[in-house]
Amino acid sequence: MIRFETSLGTFTVEVEAESAPVSSENFLRYVDDGHFDGTVFHRVIPGFMVQGGGFKADMAQKPARKPIANEAANGLRNRRGTLAMARTNDVNSATSQFFINLVDNAFLDHKPGNFGYAVFGRVVDGMDVIDKIAAVKTGRKHGHDDVPVEPVVVTAARRARTG
């Protein structure tokens with residue numbers, strides 16, 4: 001479990017290490033390195049998803065490690081509350097950025113003719129916080145669309161103690 005503390009509240013995610021081992025290990029390494037601390041949710045599209053993990057509040061991109069292999073064929077679906085790896089048009093370009101699905105987005109799933117986006121986790125607590133993020137006013141900033149006018153900052157992302 002990973003606990004994200006943000007300027008709008010706290011939410012907890014669980015990775016699907018068995019179904020998405022590469023994506024899960026990659027994500028956890030970024031968590032353990034403190035990479036997400038000080039990042040923002042830089043792309044917010046109501047009725048679709050919120051994306052974070054790569055930019056600071058001034059829209060400067062944080063350095064990332066090498067891209068990972070796309071695990072979209074793992075059988076996990078882009079459903080409300082799931083986390084998936086963000087990428088470019090190159091299916092194997094995901095690094096630190098992820099998104100949280102606000103609704104079921106079946107068109108992002110792996111299928112013939114569409115490699116899809118790799119789901120690797122899900123929000124297990126605090127989906128109301130994700131919905132708050134989805135409701136913020138957005139605009140254009142430093143060449144990016146759908147950026148919150150007031151930054152939604154991740155103040156800390158840590159593995160949560162279990163048991």
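The paragraphs below go through the aromatic contacts, the largest pocket and two unusual backbone angles of this predicted model.

Across the whole structure there are 13 aromatic pairs. One of them joins F4 and F36, whose rings are tilted at 45 degrees between the planes, with 5.9 Å from centre to centre. Because F4 belongs to strand β1 (residues 2-6) while F36 sits in the loop between α1 (21-32) and β3 (39-45), this pair ties together parts that are 32 residues apart in sequence. F4 is buried, at a relative accessible area of 0%, and F36 is likewise buried, at 1%. F11 and F41 form a tilted pair as well, since their planes stand at 55 degrees, and their ring centres are 6.2 Å apart. Here strand β2 (residues 9-15), which holds F11, is tied to strand β3, which holds F41, across 30 residues of sequence. F11 is buried at 0% relative accessibility, and F41 is buried at 1%. These four residues are among the members of one aromatic cluster that also includes F27, Y30, F98 and F120. Over the face of Y30 lies R65, at 3.7 Å from the ring centre.

A second arginine, R87, lies over the face of Y117, at 4.0 Å from the ring centre. The largest pocket has a volume of about 270 Å³, and R87 and Y117 are, with R43, Q51 and A86, the closest to its centre of the 14 lining residues. By class, that lining comprises six nonpolar, six polar and two charged residues.

Most residues other than glycine have a negative phi. H142, however, has a phi near 50 degrees; H142 lies in the loop between β8 (138-141) and β9 (144-148) and is exposed, at 61% relative accessible area. D146, with a positive phi of about 65 degrees, is instead placed in strand β9 and is partly exposed, at 28%.

Key
Residues numbered from 1 in each chain as written. Predicted model: local features only at pLDDT ≥ 70, side-chain atom pairs only at ≥ 80, totals over all residues. Heavy atoms only, no water. 1 Å grid on protein atoms, 1.4 Å probe; cavity = no way out; pocket = protein on both sides within 12 Å on 5 of 7 lines; lining within 4 Å. Points joined across faces, edges and corners; volume = space filled by probe spheres on them. Nonpolar A, V, L, I, M, F, W, Y, C, P; charged D, E, K, R; others polar. Helix = DSSP H or I, 4+ residues; strand = E, 2+ residues; numbered from the N terminus. Buried < 20%, exposed > 50% of the residue type's maximum accessible area, 1.4 Å probe, protein only. Phe/Tyr/Trp six-rings, centres within 6.5 Å; stacked < 30°, edge-to-face > 60°. Lys NZ or Arg CZ within 6 Å of the ring centre and 35° of its normal.
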